[in-house]
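Student: Please take a close look at one part of this model and describe how its elements and residues fit together. I should like one connected account, with the cut-offs behind each term.

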Amino acid sequence: MCTSLTLKALEHTFFARTMDFAFLLEGKPIFIPSDYEWQLQLGGSLTTTFGFVGTGKQMEEYVFIDGVNEKGLAVAELYFANEAVYSEHLEKGQLNLAPHEFIMWILGHVESIPDLRHKISSVNLVQSELSLLGITLPLHFIVTDPSGECVVVETNRGFIEVKDNPVGVMTNSPDFAWHLKNLSNYLSASPAQVGSKKVNGFEVNPFGLGNGSSILPGGWTSPERFVRTVYNKQFVEVGQTVSEVINSLFHLLNNVTIPKGVMLEPTGESEYTQYRAVFDLTNCAYYFNPYETQDVYLISLDEALLQLKKPHTFEIDSQFKPKSVQIGQ
């Protein structure tokens, strides 16, 4: 499970996501430099054109869950259970990738949404297990760039499609077109207050503020999180500075952040939000917040970082540390 959204504000483009999963991935922010050669699971290798930062894990090769590159292109993968369909065979003349390698390819080799549309025809996503989990990950992807254009990459019809995303929100299954149609059920949702009404001569009064949004769904399913995120994104006050926008995005994520224990897998394992991330695509900055703390860590793709020749993993202090306030402060 996961939720993601884009936002245009203050002439910047922002992107945000929750990463929800039961298996503890222990993902950390990782920087990959340009000119880094990485080995493909299905044979051969690629060398990155662009440096990028995102959350991932080092295995036989690095595996990323999201990230932003030095051109401001951002991508996140989300679980697409019972929907993703991959090729069963390697295709000659194509770039044959395991689904979990797709983000490394995008961040290291694609600079914009138009560039993605141009290059995607060369890619063949092949049924290939991720050794950590012992399964082929059913995934779809949300991609955006500094222009604010947003697309979804899905394979539910048996081939790779780049689909326009006019609302800039994505969650999990069903497919993206279904989520857009489902929004028709919530046209009456509004931040405005509904006043008193007479019903068969009896005056019915509201309990208090908020009844304009009472139609919104409140559960943790993918359709419910999608609808709530579209609504909140539409009406949220983002602020007057970049820092205020980042803060507003984390508040938007609060509405779809899953605490441990409130949603269980059939095995009894807790599916929860292991981390949240916010990206400033205009400044190529990555804000990371692990589940265990309210602290937010900033990693910027500045010149000092981009000059590194080797990958770098950032060690994050995830201990909860309240700040004491003293008399006189």
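Tutor: A residue is called buried below 20% relative accessible area, exposed above 50% and partly exposed in between, using a 1.4 Å probe and protein chains only. The model is predicted, so local features need pLDDT of at least 70 and side-chain atom pairs pLDDT 80 or more, while totals for chains, interfaces and linings use all residues. Residues are numbered from 1 along each chain as its sequence is written, and side-chain values use heavy atoms, without hydrogens and water.

The part to examine is a sheet. Six strands, the strands being DSSP E runs of at least two residues and the helices H or I runs of at least four, numbered from the N terminus, make up an open antiparallel sheet in the order β15-β1-β2-β18-β19-β20. Its edges are β15 and β20, each of which pairs on one side only; pairing requires at least two DSSP bridges between two strands. Within the sheet, β1 and β2 are antiparallel partners joined by 8 bridges, and Thr-3 has Thr-18 of β2 as its bridge partner.

Helix α4 packs on this sheet, where it touches β1, β2 and β15, and its direction makes about 15° with that of β1. Such angles, from 0 to 180 degrees, lie between the N-to-C directions of lines fitted to C-alpha atoms, for helices over the stretch in contact. The helix covers residues 222–235, 14 residues in number, and spans 20 Å from its first C-alpha to its last, close to the 20 Å expected at 1.5 Å a residue; the expected span is 1.5 Å times one less than the number of residues. Among its buried residues are Phe-226, Val-227, Val-230 and Tyr-231. The buried residues of α4 pack against β1 (2–9), β2 (12–21) and β15 (169–170), and also against α3 (176–182) and α5 (242–254). Contact here means heavy atoms within 4.5 Å.

At the β20 edge, β19 (residues 285–290) and β20 (residues 297–300) run antiparallel and are joined by 4 bridges. These two strands form a hairpin with 6 residues between them, and Phe-288 stands opposite Tyr-297 of β20.

Thr-13 belongs to strand β2. Its relative accessible area is 1%, so Thr-13 is buried. Beyond residues up to four places away in sequence, the contacts of Thr-13 include Leu-7, Lys-8, Thr-144, Gly-148, Phe-279 and Leu-281. The side chain of Thr-13 also reaches the backbone oxygen of Pro-146 at 2.7 Å. A polar contact is a pair of N or O atoms within 3.5 Å; within protein, one must be able to donate a hydrogen and the other to accept it, and residues adjacent in sequence count only if both atoms are side-chain atoms.

The cysteines complete the picture. A disulfide is a pair of cysteine sulfur atoms within 2.5 Å, and the count by this rule is 0. Cys-2 is in no disulfide, as the nearest cysteine sulfur, that of Cys-150, is 15 Å away. Cys-150 is likewise in no disulfide, and the nearest cysteine sulfur to it is that of Cys-2. Cys-2 is buried because its relative accessible area is 4%; Cys-150 is buried because its relative accessible area is 5%.
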